[in-house]
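Here's a quick look at a few spots worth finding in the viewer. Keep the structure open while you read.

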Amino acid sequence: MMEASSLSKILYIDLDNKRYWIKERPELFKEWLGGVGVGIKLLSEECPKNIDPLSGENPIIFAIGYFNGIYPLASKTVALFKSPLTGNLGESHAGGRCGLAIRMAGYGAIVIKGSSDYPIYLVIDENGVKFRDASTLWGMSSTTAVGRILREKEGIPGIRSIMRIGRAGEKMIPYACVITETFRTFGRLGLGAVFGSKKLKAIIISGRDSLKVKDPRGYRNIYDELYNSFIKSGAMKKYHDIGTSMNVTSLNLISSLPVRNLQKTKFEGINELSGEALAEKFLGRRIACAHCPVSCIHVATLRIPYENEPYFYRIKMIPYDYEPIYALGCMLDIRSAEGFLKIMDRVEELGLDAISTGVILAWATECMEKGIITTKETDGLLLKWGDYETYIEAINRIVEMKGEFYEALSKGVEYASSKYGGKDFALSFGGNEMPGYHCGLATHIGFLVGMRHSHLDNAGYDIDQKLNAEGKKPNPKEIAKMIFEEESWRQVLSSLVVCFFSRKVYTPEVISRCFSVIGIDITPSQLKEKGIEILREKYKFKVREGFSFEKLRIPKRILETPTPQGILREEDIREGIMEYKKLLEGK
Amino acid sequence: MVKRISVVDVDLCVGCQLCMFACNRRFAEAGISRAAIFVQSVGGIERGFIIRVCRACKDPPCAKVCPTGAISKREGGGVRIDHKKCIACGNCMKNCLIGAIFWDKSLNKPIVCTYCGYCVNYCPYGVIKLEEI
């Protein structure tokens, strides 16, 4: 049995030579907390400067933190790597079971280096790593099938996670993701492609350990306090009831929902694709991540009749969340829930990032609308808003890279628009496709300055919504300060690693007390300092790989379509960015 | 009256596994190695879950195959394990049809539910309950 206060084991796996070793590095965790903190240190150590993200030199780091396995809602794992999409810092978080499986197997982090010369999968437990031939699984069209086969083959010891890639990862599409537990993903920035480049099809990890705490009574008390905050206070109810898809209605209401490649912000398919409508007509099951009572994972049941076989149905279980509805629904103006679910299903089975895929297709559709491309480029496909069947075919062609145009789409919207034009409405920030918010100034400053260029970095959209509700005028300087505070604090949360949904319960004071009962003394202000330090480490990595705030491209489209704060001005955005830079650099 | 944990409605289970962590906290430990209840998916999360926990058989097969009498019948149903008598042969585990006997690796002894009901307090959706047999 391990001490809860001793997170130290790092599992190194070398795919070139099919060997592994374990290093005890307790000081690294003491200093950098775990999760993203330890992860960025390991990435900086292991990733040589300026390497090709799809070469064997690119390491994959999985890291968890002190709270995994100990406190509820600490159910996340952080992955760090060099992104093949942006050519810079790749960071992705996932829930499911993997965070708990890694902790219960006794590890704090896993570092995967090199690449295999044939497809393999890894079986990891407390005893180490087994390297298994995955040739049979390579090329399989469904990630669900891969999960089923491995589940059957490898049994059920303890809490177990099965991470795997689909065709998109195998083909090294730079926005391919890694699917875990069928319905959760390491999305954004292309971890799936890095798996693919290493011929790493899947990782199964399981564990069943326990952890000793320093103050058992205190531990049980604080656990109950947390449990009551999460369950009895109703704080998590919205995530449990409708789930994140409740945002479709609320963002549409305040005209902040990007529709048709952000040509507009009101969605005419709202009655079909709102979270409420999906729950009423399609919700089949709600699922939780390990050690989280909230169960925000909403899975739709879709019954699809076979065309040539009466009374035969295909029953599909398809997960949905706000971001995929935005990207694969609203951005493509899909006004049929079934249509959206079918696209979603395809994207999941192939293992693509839903946000990037939707944004890329929306750009391509607008290009066609404007005559920038024709059916000549698309090889006969007429892309038009709402036509989900054509979109599904386009997605298949992207993954198989059929012809020059689809190959360009397979590299992301930044690349495709530099080749074909239409840059003004190519919605990406720092090379990463845009998330589903157009709430105002803080939203877009947040996307631009965020280390992942994701809505999750600093939730600028949340700042805007608060400002808008209070009728306050946004000020770039103040926004930069708020974003900086939020983003640096989020480094602490993603070092523990707790879900961002729990951020209102896991305050600096609460976290400090949680640490104390397991035998670690750290004050709320020390925690906040750590967050800033971790953020700066990430920035250091980004600068090393060529990032600069000055070079950030601002897509014209976000300045054309009004936000609830009106039309945004580029100079305000630039001012916010430079202000953020000053704070980050400590000037 | 003797009690047992019963699964009220497995379709309400979201697979959060909080019951497992609760069971382990009886020993004031985090983690799951000493849990006597286990939640797992039925061939994939999309198909729902099963909950493995002792259902307190009236005539428990596990007790019948214990060579040392370490497992004794509890009056009214269910069993008790006397770790002192247990030689860790694992017969009980192999003979539990629903896989509700687990193994404590650090002690090298079987684990079975003690029907205390602590886990029930942490099931937010009323999937399990403590009931009189």
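A residue counts as exposed when its relative accessible area is over 50%, and as buried when that area is under 20%. Keep in mind that this is a predicted model.

With that cut-off in hand, take A:I315: its relative accessibility is 52%, so it counts as exposed. A:I315 sits in strand 17 of chain A, which runs over residues 313-320. On the surface, A:I315 joins A:Y311 and A:Y313 in a nonpolar patch, and together they offer about 390 Å² of accessible area.

Now for A:T365, at the other end of the scale. Its relative accessible area is 2%, so A:T365 is buried. Here are the two residues side by side:

| Residue | Element in chain A | Relative accessible area | Class |
|---|---|---|---|
| A:I315 | strand 17 (residues 313-320) | 52% | exposed |
| A:T365 | helix 14 (residues 354-369) | 2% | buried |

What does A:T365 touch, leaving out residues up to four places away in sequence? The list is A:L383, A:K384, A:W385 and A:Y391. With A:Y391 there is also a side-chain to side-chain polar contact of 2.8 Å.

On to the nonpolar interior. The largest nonpolar core has 251 residues, and the members touching the most others are A:F62, A:F67, A:Y71, A:W363, A:Y506 and A:F515. Helix 14 of chain A is the top contributor to this core, giving 10 residues. Apart from this core lies another one of 9 residues, including A:Y121 and A:L150.

As for A:F67, its contacts beyond four places in sequence include A:R103, A:L496, A:Y506 and A:F515.

Terms used. Residues numbered from 1 in each chain as written. Chains lettered and ligands numbered in written order. Predicted model: local features only at pLDDT ≥ 70, side-chain atom pairs only at ≥ 80, totals over all residues. Heavy atoms only, no water. Helix = DSSP H or I, 4+ residues; strand = E, 2+ residues; numbered from the N terminus. Buried < 20%, exposed > 50% of the residue type's maximum accessible area, 1.4 Å probe, protein only. Polar contact = N/O pair within 3.5 Å; in protein donor to acceptor, adjacent residues only side chain to side chain. Contact = heavy atoms within 4.5 Å. Patch = residues over 30% accessible without salt bridge, like charges linked within 9 Å, V, L, I, M, F, W, Y side chains within 5 Å. Areas by Shrake-Rupley, 256 points an atom, 1.4 Å probe, with all protein chains shown as cover. Salt bridge = Lys/Arg side-chain N within 4 Å of Asp/Glu carboxyl O. Core = buried A, V, L, I, M, F, W, Y, C linked by side-chain atoms within 4.5 Å.
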